[in-house]
Amino acid sequence: MGGAERPFRTVLIANRGEIALRVARTCRDMGIRTVAVHSTDDRDSPVVRYADAAVQIGPAPARRSYLNMAAILQAALGSGADAVHPGYGFLSENPDFAEACLASGLTFIGPSPAAMRRLGDKSAARRLMAQAGLPLLPGTLEPTGSLAEAESAAAGIGYPLIIKAVAGGGGRGMRVVRRAADLAHAYRTTRAAAQTLFGDGRVYLERFLPHARHVEIQILCDAYGGALHLGERDCSVQRRRQKLIEETPAPGVPAGTLERMCAAAIAGARAAGYSGAGTFEFLVDPAGRFFFMETNCRIQVEHPVTEMATGIDLVREQIRIAAGLPLSLSQQDVRPRGAVIECRVNAEDPDRDFAPAPGRLAGFAPPLGPFIRVDTHAFPGYRVPAAYDSLLAKVVVWAPDREQAVARMRRALAEFQVAGVATTIPFLRRVLDDPEFVRGGHGTDLADRLLGRPDGAP
């Protein structure tokens with residue numbers, strides 16, 4: 001994009017780590033100046049050097065830095081930014097922050113606060129999607145107000161079921177219940193956890209599918225009614241509902257089912273008045289039926305999977321849409337090709353129940369070679385902080401078909417050298433060698449089965 005099409009002069013990136021660096025790179029491609037914010041622990045982060053300017057916004061605890069709305073807004077206004085990109089996590093799906101940006105004269109690069117509120121309340125989103133015709137799992141459409149209410153609803157839903165926080169997301173704030181005898185304890189602990197994690201203790205109930213596929217649809221919508229999808233991502237390899245491996249195309253899901261899911265995602269986005277990049281998440285049962293789960297109103301960790309398959313820069317489209325420009329492409333322009341797999345490499349110890357493994361990297365050498373992309377902010381000598389998410393890198397490979405993509409990912413992970421901290425690489429390699437994964441017949445219970453928790457119990 002040339003400077004004549006530059007939609008903003010300066011974008012402040014309200015995030016850290018690999019996503020901050022990734023957003024800064026697209027801004028530079030577009031000729032947009034960037035401002036990085038950082039905590040005291042992140043003063044040596046690569047994005048601090050990469051961005052055109054950097055502002056320290058507070059100490060390591062996120063609530064005093066990356067969740068400190070006043071400090072971020074002050075940094076944006078003081079640095080001459082005219083837009084804020086929130087990345088993922090932190091304030092990315094906080095409608096109050098989006099409103100505060102707008103009230104300060106800043107463009108929030110994401111959906112409107114109203115759309116975020118419609119979809120951020122998971123219970124309200126279920127009601128809205130039901131009205132839009134999206135299929136839902138049996139469950140409650142309103143938050144359950146008491147244990148007695150939950151017990152009554154559970155009798156109708158059946159077991160196993162899952163209790164979810166209304167304000168939850170990112171795999172947090174949910175608990176599977178397999179027997180009626182366990183409901184009371186699970187209900188109380190989930191409500192307490194939801195209150196602690198999200199400041200909102202409301203929960204709802206939904207039928208739990210133990211061997212489902214987790215498939216999501218990436219969408220783009222502009223402010224003029226334009227909407228398109230960029231295909232699917234299969235995110236079925238999860239540990240306690242935290243994604244580990246994502247890929248496209250979704251293996252084993254019929255093309256007709258995927259087409260209906262894409263159409264449902266577009267219908268849902270239109271019902272919510274959505275604009276920007278977003279993701280509709282679905283569960284697909286062994287019979288091929290799909291059910292709406294939730295919408296993520298942000299760029300997602302796994303967005304490079306779609307970028308590698310389609311050649312479309314999702315952050316660039318986000319920025320253009322936020323600037324009030326129409327979609328730069330039509331549905332006919334979206335032509336995913338080949339197979340793409342992404343593995344998340346975290347500083348966690350699989351032999352210690354994936355405990356975080358902060359520390360200094362004595363060595364760090366990502367894989368190279370054809371059709372490999374590594375999004376990372378780490379480097380030799382980098383100190384993995386204990387205060388934040390443990391994601392070190394995302395390894396993404398492309399190949400003409402899934403068999404070759406799996407082989408390429410095996411080679412990439414074998415080449416990836418990380419010294420000084422434990423990582424999830426050994427477990428990822430184990431998944432890639434698992435016959436069920438190789439066949440593409442796995443569900444969301446695969447990782448738990450490999451870990452000796454066949455029922456996925458937390």
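This report walks through the sheets, helices and unusual backbone spots of one predicted model.

## The eight-stranded sheet

Start with an open sheet of 8 strands. Its order is β13-β12-β9-β10-β11-β14-β21-β19, and the pairing is antiparallel. Two strands stand at the edges: β13 (290-296) and β19 (372-376). Each has a single partner strand, so one side of each is left without a neighbour in the sheet. The strands are also turned against each other. Between neighbouring strands the turn is 25 degrees on average, direction ignored.

Look inside the sheet at one pair. Strand β11 (residues 242-248) and strand β14 (residues 339-346) run antiparallel and are joined by 4 bridges. Within this pairing, E247 has I341 in β14 as its bridge partner.

Helix α1 (residues 17-29) packs on this sheet. The helix touches β19 and β21 (391-399). Its direction makes about 115 degrees with that of β19.

Helix α9 (residues 255-272) lies across β9 (213-221), β10 (227-239), β12 (276-284) and β13. The helix runs at about 50 degrees to β9.

One residue of α9 deserves a stop: T257. Is T257 buried or exposed? T257 has a relative accessible area of 4%. Buried means under 20%, so T257 counts as buried. Which residues does T257 touch, leaving aside its neighbours within four places in sequence? The contacts are G288 and F290.

## The three-stranded sheet

Another open sheet has 3 strands, in the order β7-β6-β8. Here too the pairing is antiparallel. The edge strands are β7 (172-177) and β8 (203-207), and each of them pairs on one side only. From one strand to the next, the twist averages 25 degrees.

Strand β6 (residues 161-169) pairs with β7 over 5 bridges, in the antiparallel sense. In this pairing I162 stands opposite V176 in β7.

## Two helices that cross

Two packed helices are described by the angle between their axes and the distance between the axes. Take helix α7 (residues 147-157) and helix α8 (residues 183-198). Their axes come within 10 Å. The crossing angle is roughly 125 degrees. Why are α7 and α8 called oblique to each other? Angles from 65 to 115 degrees count as roughly perpendicular, and those over 145 as roughly antiparallel. The angle of roughly 125 degrees fits neither class, so α7 and α8 are oblique. The crossing of α7 and α8 is right-handed.

Which residues make the contact? From α7 come L147, A150, E151 and A154. From α8 come L183, A184, Y187 and R188.

## Helix α3 and its surroundings

Helix α3 spans residues 69-78. Its buried residues are A71, I72, L73, A75 and A76. What covers them? The cover includes the strands β1 (10-13), β2 (33-39), β3 (53-58) and β4 (83-85), along with helix α4 (95-103).

Both ends of α3 have something to show. At the start, a side-chain oxygen of N68 reaches to within 3.3 Å of the backbone nitrogen of A70. After the helix comes G80, which has a positive phi, near 80 degrees.

Two of the covering strands, β1 and β2, also pair with each other. β1 and β2 run parallel and are joined by 4 bridges. I13 stands opposite A36 in β2. Strand β2 has 6 of its 7 residues buried, so it is largely enclosed by the rest of the structure.

## Unusual backbone spots

Several loops hold special backbone geometry. The table lists cis peptide bonds and positive phi angles at residues other than glycine.

| Site | Feature | Loop |
|---|---|---|
| Y159 to P160 | cis, omega near 0 degrees | P160: between α7 and β6 |
| T248 to P249 | cis, omega near -5 degrees | P249: between β11 and α9 |
| R241 | positive phi of about 65 degrees | between β10 and β11 |
| F354 | positive phi of about 60 degrees | between β15 (348-349) and β16 (355-356) |

How exposed are R241 and F354? R241 has 22% relative accessibility and counts as partly exposed. F354 has a relative accessible area of 5% and is buried.

Conventions
Residues numbered from 1 in each chain as written. Predicted model: local features only at pLDDT ≥ 70, side-chain atom pairs only at ≥ 80, totals over all residues. Heavy atoms only, no water. Buried < 20%, exposed > 50% of the residue type's maximum accessible area, 1.4 Å probe, protein only. Contact = heavy atoms within 4.5 Å. Polar contact = N/O pair within 3.5 Å; in protein donor to acceptor, adjacent residues only side chain to side chain. Pairing = 2+ DSSP bridges. Axes fitted to C-alpha atoms, helices over the stretch in contact; angles between N-to-C directions. Parallel < 35°, antiparallel > 145°, perpendicular 65-115°, else oblique. Left-handed = near helix turned anticlockwise from the far one by under 90°.
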